[in-house]
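Here's a quick tour of a fold, from the overall build down to a few odd backbone spots. Have the viewer open while you read.

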Amino acid sequence: MRGGSRNGCALKRTRIQVEDSRWAGEYLASHGFIVAAPRFPKTNGSDLENMDMNDLLNQPGDISWVIDVATGLKAGLPDRLKDAVDGSRMALAGHSFGGLTTYLAAYDRELMEPRLKAAILLAAGVGDILYPLFYKTRPLPMLMIHGDQDRLVEYDGTSAQTYQRADVPRVLVKLVGGTHMGHSNIRSIAFNFDNLPCWFAADKLKDDGTIHFQADLKNRTPDTGVGDFGAPAPCQYSVPSGWVMTADRQKTLSNEIMLAFLDYALADDPDEKKSALLKTLESIDEAQSDVIIKSAL
């Protein structure tokens with residue numbers, strides 16, 4: 001696997017900023033986390049002409065390289081951060097295709113990063129190919145946040161389905177009116193930015209026959225719990241009618257929930273923090289009409 005500086009690795013207790021993850025990185029850094037936001041070279045979305053989804057299989061190795069640097073096993077950490085990173089409390093977060101990387105680094109039998117203590121999935125793509133056996137590797141706590149007006153990754157076919165399949169401590173947050181692009185650094189206006197790629201770049205979102213990462217994962221021996229695609233392709237399904245959550249609102253809610261989840265998942269004894277997390281989630285769920293939360297902790 002390639003090792004090199006490449007969506008979001010949250011390391012307990014300054015920041016390295018990268019475009020779309022800046023909103024989360026700055027928030028978590030302000031609460032005492034060290035946040036490394038590596039940019040994957042072939043799936044970051046800034047260069048659609050050279051996008052290569054098959055590079056996914058290299059990306060868990062990139063995460064491991066970042067953690068090696070952060071913990072001093074490899075050179076590259078700024079002097080001001082030396083001995084500042086708590087290597088026993090590492091979490092990984094990913095949005096969209098970075099979410100699929102997070103799934104693999106968290107739970108895949110061959111590709112997992114063993115130092116991770118928690119996984120956060122923001123509108124994670126392609127989770128429909130992961131079946132119950134996939135999550136049997138270890139009981140790593142999982143947080144999923146996903147909008148029901150996401151036009152690029154269908155909520156019901158991915159995150160909602162993962163919640164049913166994954167027998168690990170988990171929380172599912174449905175943002176009513178939330179969108180896919182609402183987790184990027186777009187301006188906060190009440191318009192579904194997901195429409196833009198669906199209108200103007202739909203051909204770039206189609207499988208032209210060259211994408212084989214799913215087959216590579218599925219055809220391994222022994223079976224690692226990867227199966228066939230089940231969710232509809234981007235832009236090829238309907239979403240609920242109604243108002244769209246603003247991007248600012250989506251990011252504010254996500255930040256609040258991520259922070260509460262990390263306080264639980266990265267604790268020395270998560271069971272001691274479980275009741276506090278459940279109380280926070282219950283209060284958010286009851287007080288906000290645009291958030292629906294399920295938990296199985």
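Helices (H or I, at least four residues) and strands (E, at least two) are DSSP runs here, numbered from the N terminus. By that count, the protein chain has 8 helices and 8 strands. Its radius of gyration, taken over C-alpha atoms, is 18 Å, close to the 19 Å that the globule rule (2.2 Å times the number of residues to the power 0.38) gives for 297 residues, so the chain is as compact as a globular protein of that length.

Before going further, a word on ground rules: this is a predicted model, where local features need pLDDT of at least 70, side-chain atom pairs count only at pLDDT 80 or more, and totals for chains, interfaces and linings use all residues. Residues are numbered from 1 along each chain as its sequence is written, and side-chain values use heavy atoms, with hydrogens and water left out.

The C-alpha trace spans about 50 × 45 × 35 Å along its principal axes. Of the 297 residues, 53% count as buried, meaning under 20% relative accessible area (exposed is over 50%, partly exposed in between; 1.4 Å probe, protein chains only).

Now zoom in on strand 4 (residues 90-95). Why is strand 4 largely enclosed by the rest of the structure? Because 6 of its 6 residues are buried. Both faces are covered, with Met90, Leu92 and Gly94 on one side and Ala91, Ala93 and His95 on the other. Strand 4 runs parallel to strand 5 (residues 116-122), and 6 bridges join them; two strands pair if DSSP finds at least two bridges between them. Met90 has Leu116 as its bridge partner in strand 5. Between the two strands the chain passes through helix 3 (residues 97-107), making a right-handed β-α-β crossover: with the strands pointing away from the viewer, the path from the first strand over the helix to the second runs clockwise.

Helix 1 (residues 22-30) has Trp23, Ala24, Gly25, Leu28 and Ala29 as its buried residues. Gly32, with a positive phi near 95°, follows helix 1.

Finally, the backbone oddities. Most residues other than glycine have a negative phi, and most peptide bonds are trans. These two non-glycine residues have a positive phi:

| Residue | Phi | Loop | Relative accessibility |
|---|---|---|---|
| Val126 | about 65° | strand 5 to strand 6 (142-147) | 17%, buried |
| Cys235 | about 70° | helix 6 to helix 7 | 13%, buried |

A cis peptide bond joins Thr221 and Pro222, with omega about 0°. Pro222 sits in the loop between helix 6 (213-218) and helix 7 (247-265).
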